[in-house]
Amino acid sequence: MSSKVKVGIIGLGAIGNVHIESLRKVPDAEIAALCDGIPERLKSKGEALGCKNLYADFREMVKQPDLDAVVVAVPNAHHCDATVAALKAGRHVLCEKPMALNARQARTMVDTARSARKLIQMGMTWRQTAEAQLLKNMIDEGYFGRIYHLHLCMRRRRGVPGLGGWFTTKALSGGGCLIDIGVHFIDLVMWLSDNWKPERVSAVTYAEFGKRMRQYTYVGMWAGPPKFDGVCDVDDYASGIVRFKGCTLTFELSWAANIKQESYAEIIGDKAGVRAFDGNPMTIFTESSGRLLDVAPQYAKVAQFDVQAAKFIGAIQGKNPVPATGEQGLTVMQVLDAIYKSAKDGKEVPIAKV
Ligand SMILES: NC(=O)c1ccc[n+]([C@@H]2O[C@H](COP(=O)([O-])OP(=O)(O)OC[C@H]3O[C@@H](n4cnc5c(N)ncnc54)[C@H](O)[C@@H]3O)[C@@H](O)[C@H]2O)c1
């Protein structure tokens, strides 16, 4: 491998550009190829970056002989195909969340990486925040004791992304608020508490706003404006419980609901507990010398996408482990599949080990 890690970007939309800016800050990385289905977007980004290797088709891009790795930042329906094509061509992959449309696709990705002897890193950027890194260290050192419950809340009052576009079209996204935003915090609390053996799930999902798209009242829209002639056939609210051996996880998620907007994750152990990731400095709730004690750790914020990019390049160079593995991504997809199945069947279901 040459001294710089040559990376191709598949998908030059909102998040593809974030990856580009983060990779440009990594001294050992070079953006060596770009791919997008929109010709003008491809051309203008190529000109802006001085990159001449431009592709409309990722299957062509992954054949570029000097490429070491790719970032997959296309809509969810293409994550599996793009990842598998890259791995088979001998490239490492940083794949955006959710890993795929379902666990079956995720399994194909993991198996392909194993036989190609290449790595998959999942785009779980919340793990790279200063709060998450600090909590992970404290949890691993035993500060929280035995963790027996996890709770997460990601409630948007009106936050459907790109109403009528690919985000709200099940065939392209795999689902709504659960697979789009829930995946972040579900992965985060499973990783923090090191719970990778989910057993059963009982959950509900609702899809209310797709029924009345033209009446959707909102202030701002990620990936907007709405396409009223498009499709919205995915969940906009999800709630439930996931059971692990010795631990439970409850969640409440919404893209849109008549409810107060808030977002946080809680970790409850027999020695300490915390509410974090709500945008405020976190407080750890514990006790000491017979008194209840609130602990306010000090930490400097970090740019999580920059850390993720540096760790991806470092993992390829063997300098650090992969910070979010394909195997973990597969387990999270198994949980998401089970949540959708439980909601559909109207009962608790076991986690299917795809
Ligand atoms: N980590 C995060 O916080 C975060 C935030 C937003 C989006 N995402 C994820 O990133 C992915 C992309 O989301 P986005 O918001 O950037 O979407 P987007 O619609 O803004 O961009 C997608 C880009 O992919 C291109 N594209 C689509 N199909 C293609 C194909 N077959 N070949 C080549 N290019 C193709 C489109 O032309 C577009 O430029 C999604 O999986 C999404 O879930 C992650």
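This text walks through a predicted model, from its core to its strands and then to its ligand.

Start inside. In soluble globular proteins, nonpolar side chains tend to be buried together. Here, the largest nonpolar core holds 107 residues. Within this core, Val7, Ile9, Ile10, Val70, Val189 and Ile339 touch the most other members. Helix α8, residues 177-193, gives the most to this core, with 12 residues. Where does the core lie with respect to domain 1 and domain 2? Domain 1 covers 5-125 + 305-323, and domain 2 covers 127-303 + 333-350. Both give residues to the core, so the core lies between them.

Now pick out one core residue, Ile9. Leave aside residues up to four places away in sequence, and Ile9 touches Gly16, His19, Ile20, Ile31, Leu34, Cys35, Val71 and Ala73.

Next, the strands. Find strand β11, residues 262-269. Strand β7, residues 147-155, pairs with β11 in the antiparallel sense over 8 bridges. Look for Met154: its bridge partner in β11 is Ser263. β11 also pairs with strand β12, residues 273-276. That pairing is antiparallel too, over 4 bridges. Ile267 stands opposite Val274 in β12. How many residues does the hairpin from β11 to β12 pass through? The hairpin joins the two strands through 3 residues.

Finish at the ligand. It is surrounded by 24 residues. The closest are Gly11, Gly13, Ala14, Ile15 and Glu96. Helix α1, residues 14-24, gives the most to this shell, with 3 residues. What is the make-up of the shell around the ligand? It divides into 11 nonpolar, 8 polar and 5 charged residues.

Definitions and conventions. Residues are numbered from 1 along each chain as its sequence is written. This is a predicted model: local features need pLDDT of at least 70, side-chain atom pairs count only at pLDDT 80 or more; totals for chains, interfaces and linings use all residues. A nonpolar core is a set of buried Ala, Val, Leu, Ile, Met, Phe, Trp, Tyr and Cys residues joined through C-beta atoms within 7 Å. A residue is buried if 20 or more other C-beta atoms lie within 10 Å of its own, exposed if 12 or fewer, and partly exposed in between; C-beta atoms are placed from the backbone. Domain bounds come from an automatic or database domain assignment. Two residues are in contact if their C-beta atoms, placed from the backbone, lie within 7 Å. Two strands pair if DSSP finds at least two bridges between them. A residue is near a molecule or strand if its C-beta atom, placed from the backbone, lies within 6 Å of it. Ala, Val, Leu, Ile, Met, Phe, Trp, Tyr, Cys and Pro count as nonpolar, Asp, Glu, Lys and Arg as charged, and the others, Gly among them, as polar.
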